[in-house]
Each structure stands twice: as structure tokens, then as C-alpha cells.
Amino acid sequence: MQKTEPIRLEKIKEKLQTEFIGKTIHYFSEVTSTNDLAKQIAALGAKEGTIIIAETQTRGKGRLGRKWTSPRGGIWLSTILRPELDARDVPKLTLMTSLAVAKTISQLFNLKPQVKWPNDVLIDAKKVCGILTEANTRGAKTDFVVIGIGINANINLDSLPRQVRETATSLKHELKREIDREQFLQILLEKMEHYYVMSARGNFDPILKEWRSLCRFLGSYIEVTSLNEKIEGWAVDVDRSGALIIRLRDGTIKKVLSGDVSFKRSTDLDTKSNKNASL
Ligand code: BT5
């Protein structure tokens, strides 16, 4: 069982210095999925910056219908944004959010988080945060976007399914103590707004630069599994829309919009064995 006290909204709001993100926060002890709830209220007109936070989710979601385990003690939240953004540029919001999470971790703790394309934050190669961005589009235009953030804050690893435990970590596990979730949320929301405003003003390059500097596998030989194909090659860069640029062995350049990345060790290149070392 978790000892963590419930999140206190007053404590977040006391110090929060944002213009719109987190000005309205809806808090729940339990929901199915904060993203599902956020999409419902966004469709009914909820303001940009509205947040949903829950202590636990019974049907937390990852990408492609995957399950996101959300025990009490974590930080499970969704933010509603209404960006003036072309639908194909929505992945940059995921990028910006992973940077905001990583920077919050490095500001508050003596840890060295890394970002993993497209939607993870890692500590020592283990996933501490996953992001699920869902967009509601009208033609090429974006009506609203819900950014779901799941952070393994004060959770014990044994509250995650065995398989997930092997690739995941939590802040509590890394620090050997519980964190102040309200303080974490306050700083995270401020950083999100900062990057979002910068990006809305067309100033995305510095964000991308910072993201690249924290990215674990750029320059490495990797394998990407996307919806209908597996591609291997060198991860050359991430472009301004958030797409991964890969150079194949024959020199062809490919742009991948979404997928799951794993390292291929250089020995694999020599022996051509297909063993993968997960990030
Ligand atoms: C993600 O998907 O990483 C997106 C996770 C987004 C969760 C947030 S919580 C608030 C909001 N409301 C929601 O319903 N969702 C969002 P993906 O990259 O597809 O990774 C999913 C995979 O991560 C699963 O298949 C598991 O292997 C693993 N996983 C599940 N729960 C985890 C956890 N708590 N920590 C680390 N890994 C986990």
C-alpha cells in the first residue's frame, strides 16, 4: 500500500506562476482515464490550460490501446490545449512535454533524466514517464489537443505488473524517498506553459536543441517498429515537426512519425544477429 497523502490543489495553486495552464484543475480520486475525461470536457468547450488530475486510473491508456498501469502515488494528469497548429505538427507538443518533464526532474533532484523519442522520459534507461497526446482535428486544423502525462512518482515498483517492472522505474525508487507531488506539478505546469508559449510564437528551435541534448539514442543504430513496418538504421535527427529521421544502410533517408524505438548494439551490426538491447 502507498502511504502518500492525496494531492492538495491549494498547495499547487499557492505558488503556481502560469497564465493559463493549471488555472482550472479538476481533481479526482479515481477515474477511468484522465485523457478520456479531458477529451469529453474539451469537446464541451473547456478552456485551454484546463487540467485533470487523478490519484489512480482504472483504464489508464498508452499508445495504440496499450494499458498504462496507474497505482496511487503516481502523477496522472491531462492538459487541454487549443493550439493554432497544423495537425501534422502535433507531435512537437509531445516532444515539448517530455522536455518539460525531464527538466522538472533535473531541477528538483540529483538525477539525470533522458528523453526517448517519441514520448518517454527515462532514468538510467528505465521509463519513469510516458506521454499520450491525442488530437481532435478538423481537416488539417487542430481543434483541441489533450496531453496525457503519466509519471511514476511515489510508487513502489512492485505495484507494477512484473513485465512492466523490468523496463520501468519510479522517482521514489531512484531517490529512496517520496517526493512532494504538489511541488513537482507546480514546476511541471510552469515549464509546460513556458515551452508551449515559445513554440506557439514560432520559437521551437531552442526547445528542439535542448531536447536533442537529452536524447539518449541520436546517432545510434536503432530499430523502429511502427504500425506496419520495422525499420533499422541510424537515428540521425528529430525534425521540427517531431518526426524521427533515420538513415538506412543504403543511405536512404526516412522520416518516421510514430513508433517504438530500441537500440541495436554495434556488435549486432557486425554479427548481424538480431538481438535487441532495449533502451
Ligand atoms: C505511453 O504509451 O507511454 C503513454 C502513457 C500515458 C499515460 C498517461 S497517465 C495520464 C493520461 N491518461 C491516460 O489514460 N494516459 C495518460 P506507450 O509508449 O504506448 O507505452 C505503454 C507501455 O508502457 C505499456 O505497454 C507497458 O509496457 C508500459 N507501462 C505501462 N504502465 C507503465 C508505468 N506505470 N510505468 C512505466 N511503463 C509502463
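1. Start at the ligand. One of its oxygen atoms is 2.7 Å from an N or O atom in the side chain of Lys127. Taken alone, the ligand exposes 800 Å², and the protein buries 91% of that. Keep in mind throughout that this is a predicted model.

2. Next, the backbone contacts to the ligand. Arg63 has a backbone N or O atom 2.9 Å from an oxygen atom of the ligand. Thr69 also offers a backbone N or O atom, and this one lies 2.9 Å from a nitrogen atom of the ligand.

3. Now the wider surroundings. The ligand is surrounded by 27 residues. The closest are Ser33, Lys61, Arg66, Lys127 and Asn152. Lys127 therefore deserves a second look in the viewer: its side chain supplies the N or O atom at 2.7 Å, which is a polar contact under the 3.5 Å cut-off.

4. Turn to the seven-stranded sheet. It is open, and its pairing is mixed. The strand order is E1-E2-E3-E7-E6-E5-E4. Strand E1 (25-31) and strand E4 (113-116) are the edge strands, each pairing on one side only. From one strand to the next, the twist averages 20 degrees. In general, strands of a sheet pair through backbone hydrogen bonds, either parallel or antiparallel.

5. Look at the E4 edge in detail. Strand E5 covers residues 120-123. E4 and E5 run antiparallel, and four bridges join them. To find the pairing in the model, go to Pro113, which stands opposite Ile123 in E5.

6. A helix lies across part of this sheet. Helix H6 spans residues 181-200. The strands under it are E2 (51-57), E3 (75-81) and E7 (141-151). H6 runs at about 25 degrees to E3.

7. Further along the chain is strand E8, residues 221-226. Is it mostly covered or mostly uncovered? E8 is mostly covered: of its six residues, five are buried.

8. E8 has antiparallel pairing with strand E9 (residues 229-238), over six bridges. A hairpin of two residues joins E8 to E9. E8 also pairs with strand E12 (residues 260-264). That pairing is antiparallel as well, with four bridges.

9. Which residues stand opposite Ile222 in E9 and E12? In E9, Gly233 stands opposite Ile222. In E12, Phe263 is its bridge partner. Ile222 is thus a handy place to begin tracing both pairings by eye.

Definitions and conventions: Residues numbered from 1 in each chain as written. Predicted model: local features only at pLDDT ≥ 70, side-chain atom pairs only at ≥ 80, totals over all residues. Heavy atoms only, no water. Pairing = 2+ DSSP bridges. Axes fitted to C-alpha atoms, helices over the stretch in contact; angles between N-to-C directions. Contact = heavy atoms within 4.5 Å. Near = heavy atom within 4 Å. Polar contact = N/O pair within 3.5 Å; in protein donor to acceptor, adjacent residues only side chain to side chain. Areas by Shrake-Rupley, 256 points an atom, 1.4 Å probe, with all protein chains shown as cover. Buried < 20%, exposed > 50% of the residue type's maximum accessible area, 1.4 Å probe, protein only.
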